[in-house]
Amino acid sequence: MQGRAGRALAELAGRVRRLTATDLGPGPWAPPAARPASGGSSGSHARTADARTAALLDGDVRTQARRVAEILAGAPANAAAPELPPHADRGRGPLLAVLVEPGRRAGPGAAGRAAALAAEVGGSVAALLGAGGPGACAAGTWGADEAVFVVGGHVEEDVACAVAQWCADRLPVALLAPATSWGREVAARCAARLGAGLVGDATDLAWRGAVPGLTLVCAKPVAGGASAEVWATSAVQMATVRPGVLPLPQPRPAERIPTGRVVAPVTQRLLRTDSEPDPGVDEMAAADVVIGVGRGVDPADYPLVRELAAALGAELVATRAVTDAGHLPHSRQVGITARSVAPRVYLALGLAGKSTHMLGVRRAGTVVAVNVDPSAPVFGAADVGVVGDWRPLAVALLDEVPAASGAHAAGL
Ligand SMILES: Cc1cc2nc3c(=O)[nH]c(=O)nc-3n(C[C@H](O)[C@H](O)[C@H](O)COP(=O)(O)OP(=O)(O)OC[C@H]3O[C@@H](n4cnc5c(N)ncnc54)[C@H](O)[C@@H]3O)c2cc1C
């Protein structure tokens, strides 16, 4: 059996050819010579993530817990919510489109950033809204200048068909979709239909160049703690954006915005009978405090972690080591190959702090790490550190939390 497999592999190896983007010729994958992007001669480059250095807490575990409680209560809020530009006229300047997943709250960050990008180039934003999602008015408060309802078919394949048709008609310079299971399904199919370049999992967006040669440069976490800049060279530049990484804007006053609709065919090639995609995405994206657990936390102790999370009003996430072992769902994994969170405080318990994990929390306000190993990389990616066992610290913290919350509520 092995011999047959070995022979098959050897035969396959002889048939595998290595091709570069240049070998493939013109297309959305090509280096941006075809597009007037200013700076850079390829479709991506990387820069290193910003490092933090933990101030280690001394004293006994009770003193450390009291200090952690104070930090949890008093750590400053993340950067103030950005103000949205005023509404732009529909059809003015370059058009940006934002695809909003039905039934999700994590849409305003992308719409808000799209509004800011549109304002930079005198353009406008269209929100593409599915059935059962937010209405036109809500989309307007997040940054949209017009709302387009996708009616008819609602499975991803059908929605993608309608969105691609709308893009072919209206030619937006960019289309943003959420980096969720639904968003990836729709965006990938839509990109294939349009022949558009699609950047997956963007964590930030900026323009390069000027109208009419705008290039949407997307930041994307890559291994080694770096952030790569990636862009597409197609007419419609597409990106999926991680929920929770872009700051929520201050909502605009509710106002009527122009609406339209696009009809998705009901192909019935796919039927959805049941789904609960990406549970917890909205909650994790909006969490004020997030507790991350690693392999240093014994699953038998999860009830204690959950008690702490409940006391702090925190969401629970984990490293890949934990989710791969099946101790927590994959939807709770944070890092380069998973989700991002941007809480005011990230409390890392018994996790090594590898860059592949910490990239997912780089937008956290204050990072507090607890690890028995003083040389653990997490202390080079945290603001405050406790060298020690997480368990007694968590127990002592539970005693401190109500006092700390009271002090915060009293403005102390
Ligand atoms: C391509 C690629 C992509 C990846 N993507 C991701 C990703 O998206 N997200 C992710 O998380 N990982 C990712 N990983 C895996 C990542 O590199 C690490 O292997 C993983 O994050 C380690 O998980 P951990 O810190 O829980 O486990 P470990 O590395 O085993 O660390 C456990 C830590 O707990 C400490 N500890 C033990 N007992 C205690 C105690 N009682 N109290 C306090 N501290 C204690 C130890 O000192 C140790 O530092 C990826 C890896 C690759 C190769």
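**Two parallel sheets and the helices around them**

The axes of helix H6 (residues 156–170) and helix H7 (residues 181–194) come within 8 Å and cross at roughly 45 degrees. H6 is therefore oblique to H7. Angles under 35 degrees count as roughly parallel, over 145 as roughly antiparallel, 65 to 115 as roughly perpendicular and the rest as oblique. Axes here are lines fitted to C-alpha atoms, for helices over the stretch in contact, and angles run from 0 to 180 degrees between N-to-C directions. Helices (H or I, at least four residues) and strands (E, at least two) are DSSP runs, numbered from the N terminus.

This is a predicted model, in which local features need pLDDT of at least 70 and side-chain atom pairs count only at pLDDT 80 or more, while totals for chains, interfaces and linings use all residues. Residues are numbered from 1 along each chain as its sequence is written, and side-chain values use heavy atoms, with hydrogens and water left out.

Back to the helix pair. The crossing of H6 and H7 is right-handed. That is, the near helix is turned clockwise from the far one by less than a right angle; an anticlockwise turn would be left-handed. On the H6 side, the contact includes Val159, Cys161 and Val163. On the H7 side, Trp182, Val186 and Arg189 are among the residues met. Contact means heavy atoms within 4.5 Å. By class, the H6–H7 contact has eleven nonpolar, no polar and five charged residues. Ala, Val, Leu, Ile, Met, Phe, Trp, Tyr, Cys and Pro count as nonpolar, Asp, Glu, Lys and Arg as charged, and the others, Gly among them, as polar.

Now follow H6 to its sheet. H6 lies across strands E3, E4 (124–129), E5 (146–152), E6 and E12. The helix runs at about 130 degrees to E12. The sheet is open and has seven strands, in the order E7-E11-E6-E3-E4-E5-E12, with parallel pairing. Its edge strands are E7 (198–202) and E12 (259–264), and each pairs on one side only. From one strand to the next, the twist averages 20 degrees. Two strands pair if DSSP finds at least two bridges between them. Strand E3 (residues 95–100) and strand E6 (residues 174–178) pair in the parallel sense over three bridges. Alanine 97 stands opposite leucine 175 in E6.

Two loops flank E6. The loop between H6 and E6 holds leucine 171. Its phi is near 50 degrees, a positive value in a residue other than glycine. Most residues other than glycine have a negative phi, and most peptide bonds are trans. Leucine 171 counts as exposed because its relative accessibility is 57%. Buried means under 20% relative accessible area, exposed over 50%, partly exposed in between (1.4 Å probe, protein chains only). The loop between E6 and H7 holds threonine 180. With a relative accessible area of 1%, threonine 180 is buried. Leaving aside neighbours within four places in sequence, threonine 180 is in contact with Glu101, Arg104, Pro243, Asp278 and Val281.

A second positive phi is found in strand E7, at aspartate 201. The value there is near 65 degrees. Aspartate 201 is buried, at 12% relative accessible area.

Next comes an antiparallel pair. Five bridges join strand E9 (residues 215–222) to strand E10. Lysine 220 stands opposite alanine 228 in E10. Alanine 228 counts as buried at 8% relative accessibility. Its C-alpha is 8.0 Å from that of cysteine 218, ten residues away in sequence. E10 (residues 226–230) is mostly covered, with five of its five residues buried. Ala226, Ala228 and Val230 point one way, and Ser227 and Glu229 the other. In a regular strand the side chains alternate between the two faces of the sheet. Ahead of E9, proline 212 sits in the loop that links strand E8 (204–208) to E9. A cis peptide bond joins valine 211 and proline 212, with omega about 10 degrees.

The other open sheet has six strands in the order E2-E17-E16-E15-E13-E14, and its pairing is parallel. E2 (55–56) and E14 (315–318) each have a single partner strand, so one side of each is left without a neighbour in the sheet. Helix H9 (residues 302–312) packs on this sheet, touching E13, E14 and E15. Its direction makes about 170 degrees with that of E13. Strand E13 (residues 289–293) pairs with strand E15 (residues 345–349) in the parallel sense over five bridges. Isoleucine 291 has leucine 347 in E15 as its bridge partner.
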